[in-house]
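Please look through the sequence and the model below before reading on. The report then takes up a few local features, one after another.

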Amino acid sequence: MKNQFLKVKVRESSGSISDSRFDYQKDWSICKLLEEHNKQSDYIFIFDYHDDLIIMDSEANPSKISFYQIKGKKNGKWSLNDLVKSDLSKDKESYLLSIIWKLYSHKINFVDKVDSVNFVSNASFKLSLTSNEKSESKSTICIVELTPKDKIKIHEKLKVE
């Protein structure tokens with residue numbers, strides 16, 4: 001798996017360049033590192049390579065990878081539109097990939113090696129759930145909890161990207 005991991009081309013490198021804009025990302029990652037270390041499990045953390053944070057299940061012989069998109073938000077809640085939108089690039093000549101595509105692409109690139117793909121934020125979510133629970137009050141939400149309509153919206157967006 002280590003060879004495959006190094007062979008797959010990195011999607012972007014801006015994360016490691018624009019260090020000062022990612023305080024939340026760094027703080028959350030350090031907390032996650034301490035959490036893993038306290039479990040005394042075998043792991044390796046990789047920052048800003050393929051994603052904001054990657055955790056592999058072994059340093060010597062990894063077989064599973066968890067990917068994390070970590071985004072701080074000053075105001076508001078995350079909506080489904082925020083997660084599927086493709087912003088125009090700074091040069092206004094192309095579109096950037098959506099958050100949902102960035103996560104899903106790992107499932108394509110690493111097939112059966114992916115343990116989980118995660119979107120982490122300091123802000124809550126404003127999503128439609130199949131249960132009666134309000135998404136704003138939940139600290140974690142799994143994609144299977146979304147309404148069928150929103151799952152279709154995600155699926156259609158992934159097909160386009």
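Which residue lies over the face of Trp78? In this predicted model, that place is taken by Lys73, at 4.3 Å from the ring centre.

**Aromatic rings**

The count of aromatic pairs comes to seven. In one of them, the rings of Phe45 and Phe47 have their centres 6.1 Å apart and their planes at 45 degrees, so this pair is tilted. Phe45 and Phe47 also belong, together with Tyr43, to one aromatic cluster. Phe45 counts as buried, with a relative accessibility of 13%, whereas Phe47 is partly exposed, with a relative accessible area of 44%.

**A hairpin and two positive phi values**

Strand S1 (44-47) follows a loop that begins after helix H3 (23-39), and S1 pairs with strand S2 in the antiparallel sense over four bridges. Across this pairing, Ile44 has Met56 in S2 as its bridge partner. The hairpin of S1 and S2 has five residues between the strands, and Asp48 takes a positive phi near 55 degrees there.

Most residues other than glycine have a negative phi. Against that background, Gln40 deserves a look, since its phi is near 55 degrees, a positive value in a residue other than glycine. Gln40 sits in the loop between H3 and S1, while Asp48 sits in the loop between S1 and S2 (53-56). The table sets out the accessibility of these two residues beside that of the two rings discussed above.

| Residue | Relative accessibility | Class |
|---|---|---|
| Gln40 | 74% | exposed |
| Asp48 | 23% | partly exposed |
| Phe45 | 13% | buried |
| Phe47 | 44% | partly exposed |

**Helix H6**

Helix H6 covers residues 148-160, and at 1.5 Å a residue its 13 residues should span 18 Å, which agrees with the 19 Å between its end C-alpha atoms. Which residues of H6 are buried? They are Asp150, Ile154, Lys157 and Leu158. Seen down the axis of H6, the buried residues fall within an arc of 100 degrees, so they line one face of the helix. These buried residues pack against helix H4 (80-84) and helix H5 (99-110). On the other side of H6, by contrast, Pro148, Lys149, Ile152, Lys159 and Val160 are exposed. Lysine thus appears in both lists, because Lys157 is buried, under the 20% cut-off, while Lys149 and Lys159 are exposed, over the 50% cut-off.

Methods
Residues numbered from 1 in each chain as written. Predicted model: local features only at pLDDT ≥ 70, side-chain atom pairs only at ≥ 80, totals over all residues. Heavy atoms only, no water. Phe/Tyr/Trp six-rings, centres within 6.5 Å; stacked < 30°, edge-to-face > 60°. Buried < 20%, exposed > 50% of the residue type's maximum accessible area, 1.4 Å probe, protein only. Lys NZ or Arg CZ within 6 Å of the ring centre and 35° of its normal. Helix = DSSP H or I, 4+ residues; strand = E, 2+ residues; numbered from the N terminus. Pairing = 2+ DSSP bridges. Expected span 1.5 Å × (residues − 1). Arc of directions from axis to C-beta. Contact = heavy atoms within 4.5 Å.
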